[in-house]
Amino acid sequence: EKGGYEHFMIKEIHEQPKAIKDTLSPRLGVNNEIELDNIKLSKEDLEKINKVVIVACGTAYHAGLVGRYAIEKFAKIPVETDVASEFRYRDPFVDDKTLFIAVSQSGETADTLAALREAKGKGARVLAVTNVVGSRISREADDVFYTWAGPEIAVASTKAYTTQLVAMYLIALNMGIKKGTISKEKYNEILEELKTYQQKVEKLVETKEQIQELANRQFNNQNVFYIGRGIDDHVGKEGSLKLKEISYIHSEAIAAGELKHGTIALIEQGTLVIALATQEHLFDKMLSNIKEVKARGAYVIAVAKEGNEEIEEAADAVIYIPNTLDELTPILSVIPLQLLAYYIAVTRGCDVDKPKNLAKSVTVE
Ligand code: M6R
């Protein structure tokens, strides 16, 4: 059932090109018109919304962070993102002008479901982004966007995350084009690029040997730090969660600009830092941050876009993602981070698919 792979996790990492295609292509018409199943997001519906709230747990929450970026950027609607266990207890400000988006692979997560009920009770429209047809969250939502990732068995979520990202981009672009807050040219440019992602992700998964080699040398750290800015920080959070849950190495993701407000105190000789530097307008800032941690002895693995070879002067090792639009990098940059977590966990002899203390679906609070 693992199709020749050693673990479900690595099998599911390899299934991502197909999962992305299966989630994307049924929603795209010949002229790039987006068909979001029967989700009620007409121009009139959108006029009634003055804010979006995205709520989820764990990896799905990290997809929500990218969702916030995409909706604010393309649809110009203010977006709040929260973890479900916080949202449900903070008496959140939600009303009938709120679009509430619950993101959940399983569709059964207790806190996400409770948050959904809380928002619904306050009059919000509820859209679920989920991978499981007929799940509780899908049944209680007003509308559902299904990710077509196929069954995800490994506790560590991989293909669910990348398809949740596709969902977020489609929802954001769809809102933007209807509201007129994104130009037709930009809209087409992004969708044309997204169509190349099946191939680009395939190519990236093939970099696994380089990553395996890095993992063979970097598996013994006590602490790992992920740094990035903007959506790179969101992806860093996902990479860090992946690493800690399957390898049991303490890891932390931090917005690179926050380093000197505290965390840099923990960088010492040999500390592993994963630096994401895929964003053109933040590239120089990231170079400085890399130099700062290097000056304190860190070993830096950078993730950058092809064409930005300058980074090799600052970092100890570089993993390149194919050149792409800055807005879409998370779908690509997360792949090496998934692979790195996987190979480090394998090298440490961990039970990758079933890490201790964790369940695939958290149906109790
Ligand atoms: O099924 P859900 O997407 O609601 O699950 C949310 C989290 O429990 C889940 O993403 C968890 O963080 C994963 N183990 C991460 O790999």
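Visitor: What makes the meeting of Lys 305 and Asp 326 a salt bridge?

Guide: A salt bridge is a side-chain nitrogen of Lys or Arg within 4 Å of a carboxyl oxygen of Asp or Glu. The side chains of Lys 305 and Asp 326 are 2.5 Å apart, N to O, so the pair fits the definition. Lys 305 is in strand β9 (residues 299-305) and Asp 326 in the loop between β10 and α14, so this salt bridge ties together parts that are 21 residues apart in sequence. Helices (H or I, at least four residues) and strands (E, at least two) are DSSP runs, numbered from the N terminus.

Visitor: Where do the coordinates and the residue numbers come from?

Guide: This is a predicted model, in which local features need pLDDT of at least 70 and side-chain atom pairs count only at pLDDT 80 or more, while totals for chains, interfaces and linings use all residues. Residues are numbered from 1 along each chain as its sequence is written, and side-chain values use heavy atoms, with hydrogens and water left out.

Visitor: Why is Lys 305 called buried or exposed?

Guide: Buried means under 20% relative accessible area, exposed means over 50%, and partly exposed lies in between (1.4 Å probe, protein chains only). Lys 305 has 3% relative accessibility, so it counts as buried. Asp 326, at 15%, counts as buried too.

Visitor: What does the salt bridge of Glu 327 with Lys 186 look like?

Guide: The closest N and O atoms of Glu 327 and Lys 186 are 3.0 Å apart. Glu 327 lies in the loop between β10 (317-321) and α14 (330-347), and Lys 186 in helix α9 (residues 184-194), so the pair ties together parts that are 141 residues apart in sequence. Glu 327 is buried at 10% relative accessible area, whereas Lys 186 is partly exposed at 24%.

Visitor: How many salt bridges does the structure hold?

Guide: The structure holds 29. One of them joins Lys 11 and Glu 15, with the closest N and O atoms 3.0 Å apart. Lys 11 has a relative accessible area of 18%, so it is buried. Glu 15 has 24%, so it counts as partly exposed. Lys 51, Glu 80, Asp 82 and Arg 90 are also linked by salt bridges, in a network.

Visitor: Where does Glu 15 lie?

Guide: Glu 15 lies in the loop between α1 and α2 (16-24). Glu 15 and Val 205 are 190 residues apart in sequence, and their C-alpha atoms are 9.8 Å apart in space.

Visitor: Which residues gather in the patch of negative charge on the surface?

Guide: The patch consists of Asp 284, Glu 309, Glu 310, Glu 312 and Glu 313. Asp and Glu count as negative, and Lys and Arg as positive; His and the chain ends are not counted. Patches are made of residues with over 30% relative accessible area and no salt bridge, with like charges joined within 9 Å and nonpolar side chains (Val, Leu, Ile, Met, Phe, Trp, Tyr) within 5 Å. Asp 284 is found in helix α13 (residues 283-295). At 55% relative accessibility, Asp 284 counts as exposed.

Visitor: How do you know whether the reach of helix α12 agrees with what is expected?

Guide: The expected span of a helix is 1.5 Å times one less than its number of residues. Helix α12 (residues 231-247) has 17 residues and reaches 24 Å from its first C-alpha to its last, close to the 24 Å expected.

Visitor: Why is α12 called largely enclosed by the rest of the structure?

Guide: Of its 17 residues, 14 are buried, so α12 is largely enclosed.

Visitor: What stands out about the phi of Tyr 248?

Guide: Phi of Tyr 248 is near 65°, a positive value in a residue other than glycine. Tyr 248 comes just after α12, in the loop between α12 and β7 (250-255). At 32% relative accessibility, Tyr 248 counts as partly exposed.

Visitor: What is the phi of Asn 357?

Guide: Asn 357 has a positive phi of about 70°, although it is not a glycine. Asn 357 is placed in the segment after α14. With 76% relative accessibility, Asn 357 counts as exposed.

Note on methods
Areas by Shrake-Rupley, 256 points an atom, 1.4 Å probe, with all protein chains shown as cover. Charge placed at Lys NZ, Arg CZ, Asp CG, Glu CD.
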